[in-house]
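Hi there,

Here is the structure I promised to pass on to you. Have a look at it first, and my notes on what turned up follow underneath.

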Amino acid sequence: DPFFYFLNSSMLVDGLSLEIPKDSCIEHPIHIINLGPNNISSVSSPKLIIRIAPYAKVKLIEEFSDLNGLGSLTNAVTQIKIDGNATVSHDRIVNIKSENYHFGQISFDLCENAQLYSNSLVVGGQLARVDLSVNLNEKGSECDLKGLYLCKGEAITDHHTAIFHNSEHTKSSELYRGVINDKGLGIFNGKVVVSESISRVSATQHNNNLLLSDLASANTKPELQIYSDDVRCAHGATIGQLDSESLFYLRSRGIAKQRAQMLLIKGFIEEIFSKNYKLKDSEFINKSLGIEED
């Protein structure tokens, strides 16, 4: 949304600019932590600009959390350019209090043979929206996007993604999943655009949502806009509840109801973040989804 981009620019106090040198291979992740405002009803506008030089390899972790600031807003902008033959892993984590708001805009520009691995995790917030766009600008560039959102209470989590295949020989894959409890709402709008007169393009996009209560809801809209031939593109979306037969099978083996639910939820999210953050921690998942212990 251009409004929030210009709002970030007009309210920007300071930002961070990083340049990763050519041919560098950074062993440890670069972890950037953004702490939200401590005052009620205040706004913070962090901006991050990163340039990855050719043949570099780096892992970035961008994390957003808050202090107090109940009712505060974080409006963040991140811009990352990945030069030729560079490889970037970018983890973006939003873990905020249920009373706060988060708007994030992330853009990636990829040059020849550049590779991007993007992982997005959103937990908490009264309203959290993430707009993520990827431009595959040159031959051989490719991206793999994964995302997970966990909602409880009356939280609204909104993801809008857009992948633009601007050159031939480009590839994209996208998998976003949501687990929604109580009266929460999960939104996914994913768009893949293939430009005219390019060939040998591959794109897949999937969104799956798991509803844990009768009042939980999900809106999903995967889109493909293809203006060229010689492409392989597929998309799909699902919304459903925990499988009753699988739950009955686990219960019949003496597994308590809450434990059985947790096993199924972990199986659902494992493909997204099996080794990332705290998603093997049942206590963290229970807290994020408002599930009471047995």
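Leaving aside residues up to four places away in sequence, Q115 touches I82, A86, T87, V88, L110 and E142. Please keep in mind while reading that this is a predicted model. Q115 sits in strand β9, which covers residues 115-124. Its relative accessibility is 24%, so Q115 counts as partly exposed. If you would like a distance to check in your viewer, take the C-alpha atoms of Q115 and L132: these two residues are 17 apart along the chain, and the atoms are separated by 16 Å.

Next, some backbone angles. Most residues other than glycine have a negative phi, and that is the background for two residues you may want to look at. S197 is not a glycine, yet its phi is positive, at about 60°. You will find S197 in the loop between β14 (185-194) and β15 (201-211). Is S197 buried or exposed? With 73% relative accessibility, S197 counts as exposed. The other residue is R200, again not a glycine, with a positive phi near 50°. R200 also belongs to the loop between β14 and β15.

A positive phi turns up at a glycine as well: G290, just after α4, has a value of about 70°. Helix α4 itself runs over residues 282-289, and its buried residues are F284, I285, N286, S288 and L289.

Finally, the cysteines. How many disulfides does the structure hold? The count is zero. A disulfide is a covalent bond between the sulfur atoms of two cysteines, and the cut-off used here is a pair of sulfur atoms within 2.5 Å. Why is C25 not bonded to C111? The sulfur of C111 is the closest cysteine sulfur to that of C25, but it is 19 Å away, which is too far for a bond. C143 is in no disulfide either, since the nearest cysteine sulfur, in C233, lies 12 Å away and the cut-off is 2.5 Å. As for their surroundings, C25 counts as exposed because its relative accessibility is 60%, whereas C143 is buried, with a relative accessible area of 4%.

That is everything from my side for now. Happy to go through any of it with you whenever it suits.

Best wishes

How values were computed. Residues are numbered from 1 along each chain as its sequence is written. This is a predicted model: local features need pLDDT of at least 70, side-chain atom pairs count only at pLDDT 80 or more; totals for chains, interfaces and linings use all residues. Side-chain values use heavy atoms; hydrogens and water are left out. Helices (H or I, at least four residues) and strands (E, at least two) are DSSP runs, numbered from the N terminus. Buried means under 20% relative accessible area, exposed over 50%, partly exposed in between (1.4 Å probe, protein chains only). Contact means heavy atoms within 4.5 Å.
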